[in-house]
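This briefing goes through one protein chain, beginning with a single residue and its surroundings and then moving to the overall fold, the nonpolar cores and a few further local sites.

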Amino acid sequence: MSDDKIESILEETRRFPPNADYAKGSYVKSIDEYKAIYEESIADPPAFWANLATNLEWFSPWDTVFEWDRDEARFSWFKGGKLNACYNCLDRHVNSPRRNKAAIIWQGEREDAMKVYTYQQLLSEVERFANVLKSKGVGKGDRVSIYLPMIPELAISLLACARIGAIHSVVFAGFSSEALYNRIEDCDSKILITSDGTYRAGKTIDLKGKADEALEKSKSVTSVIMVNNTGSEVSMTAGRDFWWHEEVENADLTCPCEEMDAEDTLFILYTSGSTGKPKGVVHTTGGYLLFTMETFKNVFDYKEEDVFWCTADLGWITGHSYILYGPLAAGATSVMFEGVPTYPKPDRYWHIVEKFRVNTFYTAPTAIRSMMRLGDEWPNGRDLSSLKVLGSVGEPINPEAWMWYYNVIGHGNCAILDTWWQTETGGHMITPLPGATTLKPGSATFPYFGIEPKIIKNENEECAANEGGFLCIDKPWPGLGRTLWGDHERYKTTYWNNIKGKYFSGDGARRDEEGYIWLLGRVDDVISVAGHRIGAAEVESALVSHTDVTEAAVVPVPHDIKGEAIYAFVTLREGLEGDDDLRKALVKHVRHEVGPIATPGAIQFTDMMPKTRSGKIMRRILRKIASGDTPESLGDTSTLADPEVIDLLIANRVKQ
Ligand code: WT7
């Protein structure tokens, strides 16, 4: 790893203060109030979190708030305290006036498929299914793999595991059988919960076949529970495979909660990283639940009667933290959507916002850019006036997309929350607060309470204002993953050994003179041009700010003189064709926006980018394509959403 700082050249001067009327009713009403709470939280984090932990219900109190062994990268929050995550998400609301409040509003891919679960109804479903798991021999500490589409049974499965102390490991239903197999084997799951199939844009896609392929090799799974979702023909293995609906039919109605230690594992979630075997991030019961509940309430400024919608899949951490655990622990109403943004028409998201009068909408920049590309007539045709707060997560949101989100979706009335965090961090780390923060498009702004970001260069030196460096976090916080399943050594070396005593995020960032934090992308994506280290995110943002461009990815290619040169992949607005004139115009635009040092040496137009299933561009693959590598050398492409894109990209490679 190089010690050099990352240069940051992009300048953004627009400012959006919070709406004064809105701020009056929000939890954190001004930047001064934010600063006061922040200072207090940082002065004594254990005292700060211990105070908030009383917002959860505990069966018995903790022995110690926080312990940390730096050398071993081991720490605990609320050790000895006993609680249950499912109890905190359901039972305690059922024992309150929220009993008949909608907990989950589920919208199926078909418009007429819709289910509303009150807290009481959800609890009843969870208790029965928890008994089914028990009847298959699942107990405290056992692993349960879940491979389901975005149907209510997915949420019910997670909560049922939490109820009996089993550890869930959700595998996104878009993953291949190989990916599923690896994730089952790594944590030795006893049970797999899956379904016959799933719907995607009007088509039925087989899941059970993929599950069967994975199970052929697996030695650990003894029972499979199958949801009858699409009604497709499937083969059932006698003695191993059981139908969900038949099992719950015969199950007892009530199931007591297991008393869990705050430090007991709640779930494992695999994150692929750019190379190597997937990492099973381990999240615990007390700290994770507290962190997701608190960030959910304060960041989204959730009020009792609000309807909250996070569009992520429950197969990702965003779904775990902000469809399920955070919202339900806070007693919220959470929308869960089975379909895709563009089916049956490109206004599906806006239709759902209109239908349920959604107040808070949380999505990813890739979705925002693709909807921007489809034209304003789609959102303009729907009533979006219920929206109060708009969130973004997953990658840097470039100012162009930010402005579109603000104007076309929010009509200038909604705060845009650019929330930076990771699978490992459990919840929001750097984010605006809607009533307090003056926004700058493209900046994730300030740290959440109790979080101390440090931007580091030269081993352990803090960067000056506007100097880009490695984004690290001082000291563990309650929501941080405790280890990687079965590989604590890898946890230590990946996150704690790079910068002494600090959590290493792997992202680059800079803090401006007013303390705003700007993310510069993964440090592996930094391009070194003639001795200048440039973050890919900034050049991409400049490209996307050109009116003809909707998506851009830049990667380094070897260059005799400069060391590395910039190669750009660019997707144009629907209906436009790229030519040399446009190439010249884009080069000129980037030189103007970022500076001559960031001039792309080559620009390749493409209608599609190689993306992971969660919508992240796989720059690792683009780098190899740009450098002229053979298709065979591209490495693992099995997690790509659209593998066909590779051949097209190779065929259309351009010379520098
Ligand atoms: C990586 C984490 C956190 C849930 C979804 C992704 C990038 C995430 C932002 C943001 C700039 C962002 C980072 C981070 N990222 N949010 N607001 N601005 N970059 O979880 O798959 O673990 O990915 O996503 O590079 O390290 P994940």
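Leaving aside its neighbours within four places in sequence, glutamate 7 is in contact with five residues, namely His532, Arg533, Ile534, Gly535 and Glu538. The coordinates behind this statement belong to a predicted model, and the points below should be read with that in mind.

**Glutamate 7 and its setting**
- Glutamate 7 is placed in the segment that precedes helix H1, which covers residues 20–24.
- The residue counts as partly exposed because its relative accessibility is 22%, the range for that class beginning at 20%.
- Although glutamate 7 and glutamate 538 are separated by 531 residues in sequence, their C-alpha atoms lie 9.9 Å apart in space.

**Overall fold and surface**
- The secondary structure of the protein chain consists of 20 helices and 31 strands.
- For 656 residues a compact globule would be expected to have a radius of gyration near 26 Å, and the 24 Å found for the protein chain therefore agrees with that expectation.
- Taken along the principal axes, the box filled by the C-alpha atoms is roughly 70 × 55 × 50 Å.
- Of the contacts between residues at least 6 apart in sequence, 72% join residues that are at least 24 apart.
- Of the 656 residues, 62% count as buried, while the accessible surface of the chain comes to about 24,300 Å², with 47% of this area belonging to carbon and sulfur atoms.
- The chain carries 71 positive and 94 negative charges, and the mean positions of these two sets are 0 Å apart.

**Nonpolar cores**
- The largest nonpolar core holds 153 residues, of which Phe78, Leu90, Leu122, Phe129, Leu133, Leu159 and Tyr325 touch the most other members.
- Helix H6, residues 152–164, supplies the largest share of this core, with nine residues.
- Leaving aside neighbours within four places in sequence, tyrosine 325 has contacts that include Leu158, Leu159 and Ala162, together with Ala85, Cys89, Leu266, Phe267 and Tyr288; its contacts also include His168, Thr292 and His320.
- A second core, separate from the largest one, comprises 22 residues, among them Ala536, Val539, Leu586 and Val594.

**Helix H15**
- Helix H15, which spans residues 399–409, is mostly covered, since nine of its eleven residues are buried.
- The buried residues of H15 include the aromatic side chains of Trp402, Trp404, Tyr405 and Tyr406, along with Pro399, Ala401, Met403, Val408 and Ile409.
- After H15 comes histidine 411, which has a positive phi, near 50°.

**Two loop residues**
- Lysine 136 lies in the loop between helix H5 (119–135) and strand E6 (143–147), and lysine 136 counts as buried because its relative accessibility is 17%, with burial meaning a value under 20%.
- Leaving aside neighbours within four places in sequence, lysine 136 is in contact with Ile191, Ser223, Ile225, Phe242 and Glu247.
- Serine 272 is found in the loop between strand E14 (265–271) and strand E15 (279–284), and a relative accessible area of 30% makes serine 272 partly exposed.
- The C-alpha atoms of serine 272 and tryptophan 518 are 24 Å apart in space, and the two residues are 246 places apart in sequence.

How values were computed: Residues are numbered from 1 along each chain as its sequence is written. This is a predicted model: local features need pLDDT of at least 70, side-chain atom pairs count only at pLDDT 80 or more; totals for chains, interfaces and linings use all residues. Side-chain values use heavy atoms; hydrogens and water are left out. Helices (H or I, at least four residues) and strands (E, at least two) are DSSP runs, numbered from the N terminus. The radius of gyration is taken over C-alpha atoms; the globule rule is 2.2 Å times the number of residues to the power 0.38. Buried means under 20% relative accessible area, exposed over 50%, partly exposed in between (1.4 Å probe, protein chains only). Contact means heavy atoms within 4.5 Å. Accessible areas come from the Shrake-Rupley method with a 1.4 Å probe; for residues, only the protein chains shown count as cover. Lys and Arg count as positive and Asp and Glu as negative; His and the chain ends are not counted. The place of a charge is taken as NZ of Lys, CZ of Arg, CG of Asp or CD of Glu. A nonpolar core is a set of buried Ala, Val, Leu, Ile, Met, Phe, Trp, Tyr and Cys residues joined through side-chain atoms within 4.5 Å.
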